[in-house]
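Hello,

Here is the structure I promised to hand over. Please open it first, then read my notes below.

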Amino acid sequence: MNLHEEYWANLEQGEFKIRRCNQCSKWQFPAMTRCQHCLGEDLSWQKPSGRGQVWSWIKVHKPYFKDYADEVPYLVAMIKLEEGPLMISSLTDVKVPVVKCGTPVSMVIKKGRGGKPMPYFQMPSGPA
Ligand SMILES: [Zn+2]
């Protein structure tokens with residue numbers, strides 16, 4: 001199983017894990033065989049806090065992908081994880097018209113298209 005498959009297998013088991021270097025302790029996403037900070041090769045899968053902040057986002061109005069045509073508009077966001085890495089994900093259950101960058105979010109695993117578990121991020125309840 002390659003790193004990509006391992007990432008998705010962890011999500012299938014309900015666990016959001018990313019790679020962390022056992023030499024310098026820094027986290028990275030997406031998974032790579034070498035640490036992008038110290039070039040070490042000793043990394044392991046670990047569970048980050050699941051917390052982060054909205055770093056940037058866009059609202060997709062046009063159905064670019066037919067599988068998601070019935071979900072437009074939806075929000076695609078760049079999330080800065082508390083542990084450091086940036087990851088692209090989607091914001092779910094957004095109840096405000098405009099999302100402020102820096103808004104705290106937390107990760108939730110939800111079924112995406114085809115029933116595949118996907119990491120989404122949600123804002124705390126109440127106005128952001
Ligand atoms: Zn390292």
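**Strand pairing**

Q53 stands opposite P104, a residue of β7. This is a predicted model, so please read everything below in that light. The Q53 side of that pair belongs to strand β4, residues 51–60. β4 and β7 (residues 104–111) run antiparallel and share 3 bridges.

β7 has another antiparallel partner, strand β8, at residues 117–122. Here 6 bridges join the two strands. In one of these pairings, K110 is matched with M118 in β8. β7 and β8 form a hairpin, with 5 residues between the strands. Look at G114 there: its phi is positive, near 75°.

**The core**

Which residues make up the largest nonpolar core? There are 11: V54, W57, A77, I79, L81, L91, V94, V105, Y120, F121 and M123. At least two residues come from each of β4, β5 (74–81) and β8. β5 gives the largest share, with 3 residues.

Y120 is worth a closer look, as a member of that core. Leaving aside residues up to four places away in sequence, Y120 touches S89, S90, T92, V108 and K110. K110 is also the bridge partner of M118.

**Two cis peptide bonds**

The bond from F29 to P30 is cis, and its omega is near 0°. P30 sits in the loop that links β2 (27–28) and β3 (43–46).

The bond from V72 to P73 is cis as well, with omega near -5°. Find P73 in the loop between β4 and β5.

**Positive phi outside glycine**

Where is L39? It is in the loop between β2 and β3. The loop that holds P30 also runs between β2 and β3. L39 is not a glycine, yet its phi is positive, at about 65°. Is L39 buried or exposed? L39 counts as exposed because 10 other C-beta atoms lie within 10 Å, and the cut-off for exposed is 12 or fewer.

D93 is another residue other than glycine with a positive phi, near 55°. D93 lies in the loop between β6 (86–92) and β7. How many other C-beta atoms lie within 10 Å of D93? The count is 11, so D93 is exposed too.

**Where to start**

I would begin at the hairpin of β7 and β8. Then go to Y120 and its contacts, among them V108 and K110. Finish with the cis bonds at P30 and P73.

Best wishes

Notes
Residues are numbered from 1 along each chain as its sequence is written. This is a predicted model: local features need pLDDT of at least 70, side-chain atom pairs count only at pLDDT 80 or more; totals for chains, interfaces and linings use all residues. Two strands pair if DSSP finds at least two bridges between them. Helices (H or I, at least four residues) and strands (E, at least two) are DSSP runs, numbered from the N terminus. A nonpolar core is a set of buried Ala, Val, Leu, Ile, Met, Phe, Trp, Tyr and Cys residues joined through C-beta atoms within 7 Å. A residue is buried if 20 or more other C-beta atoms lie within 10 Å of its own, exposed if 12 or fewer, and partly exposed in between; C-beta atoms are placed from the backbone. Two residues are in contact if their C-beta atoms, placed from the backbone, lie within 7 Å.
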